[in-house]
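Got your viewer open? Load the model, set it to cartoon view, and let's take a walk through it.

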Amino acid sequence: MKHKQIISTLLAVVMLLSVAPVSFAANNSKETATPIQVGETVTLTAEPYTNYYYSVQTTTPGQFLVVEGDVGYLNYYNGNNSLNSSSDNGIEICKTNKAGTQYICVYHYDSVARSISFTLKAIWNNDANESNDTFGTAT
């Protein structure tokens, strides 16, 4: 009788692990994000349903992060840790709202591992000579 309980418990654990996504990425949270620099290309074999976080430092509010690559989903989180923008592949440009640490989260949504690559192409400053950046100051 005791063997049946052990077998039942093991089967339940195996079934749970086969259904629930498990993330083993070392950088699977903002707290463990991997720092990257302009010009740096990140290439990884992404595990299914796993987040990969990267941090970028900006120096002034209103800077633009430019990322290009082949990813599942790409999310930007600003210094307040709120979602600022998201994309699925191609080139993404995101305006930051404050200086400091920004986060890029790559999420692989497929059921099989695959190669992902993206590059932090630039951090652009807002155009100081362009004073009509809002509807209120439009000319």
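A residue counts as buried when its relative accessible area is under 20%. By that rule, buried residues make up 32% of the 139 residues in this protein. Keep in mind that you're looking at a predicted model.

**Stop 1: colour by confidence.** The mean pLDDT of the protein is 76, and 64% of its residues reach 70 or more. Now select residues 2–19, which form helix 1: among the elements, this helix has the lowest mean pLDDT, 53. Then jump to strand 1, residues 34–35, where the mean is the highest at 94. Go back and select residues 13–23 too, since that's a stretch to read with care. There pLDDT stays under 50, and the model has 5 contacts beyond four places in sequence for this stretch.

**Stop 2: follow the chain.** How many helices and strands does the protein have? You should find 1 helix and 9 strands. Starting from the N terminus, the helix comes ahead of the strands. Among contacts between residues at least 6 apart in sequence, 69% join residues at least 24 apart.

**Stop 3: strand 9 and its partners.** Select residues 114–124, which are strand 9. Strand 2 runs antiparallel to strand 9, and 6 bridges join the two. Show Thr41 as sticks and look across: Thr119 in strand 9 stands opposite. Strand 4 is also antiparallel to strand 9, this time with 7 bridges. Here, pick Leu65 and you'll see Ile123 of strand 9 opposite.

**Stop 4: into the core.** In soluble globular proteins, nonpolar side chains tend to be buried together. Which residues of the largest nonpolar core touch the most other members? Select Ile36, Tyr54, Ile104, Val106 and Phe118; the whole core has 19 residues. Strands 2, 3, 4, 5, 8 and 9 each give two or more residues to this core. Zoom in on Ile36: leaving out residues up to four places away in sequence, Ile36 touches Val42, Tyr54, Ser55, Val56, Ile104, Phe118 and Leu120. There's also a second, separate core of 5 residues, including Ala33, Tyr53, Tyr77 and Tyr103.

**Stop 5: two cysteines.** Are Cys94 and Cys105 buried or exposed? Cys94 has a relative accessible area of 4%, which is under 20%, so Cys94 is buried. Cys105 comes in at 1%, so Cys105 is buried as well. Don't hunt for a disulfide, though: the structure holds 0.

**Last stop: the surface.** Switch on the surface view to finish. The accessible surface comes to about 8,700 Å², and 57% of that belongs to carbon and sulfur atoms.

Conventions:
Residues are numbered from 1 along each chain as its sequence is written. This is a predicted model: local features need pLDDT of at least 70, side-chain atom pairs count only at pLDDT 80 or more; totals for chains, interfaces and linings use all residues. Side-chain values use heavy atoms; hydrogens and water are left out. pLDDT is the predictor's confidence in each residue, from 0 to 100. Helices (H or I, at least four residues) and strands (E, at least two) are DSSP runs, numbered from the N terminus. Contact means heavy atoms within 4.5 Å. A disulfide is a pair of cysteine sulfur atoms within 2.5 Å. Buried means under 20% relative accessible area, exposed over 50%, partly exposed in between (1.4 Å probe, protein chains only). Accessible areas come from the Shrake-Rupley method with a 1.4 Å probe; for residues, only the protein chains shown count as cover. A nonpolar core is a set of buried Ala, Val, Leu, Ile, Met, Phe, Trp, Tyr and Cys residues joined through side-chain atoms within 4.5 Å. Two strands pair if DSSP finds at least two bridges between them.
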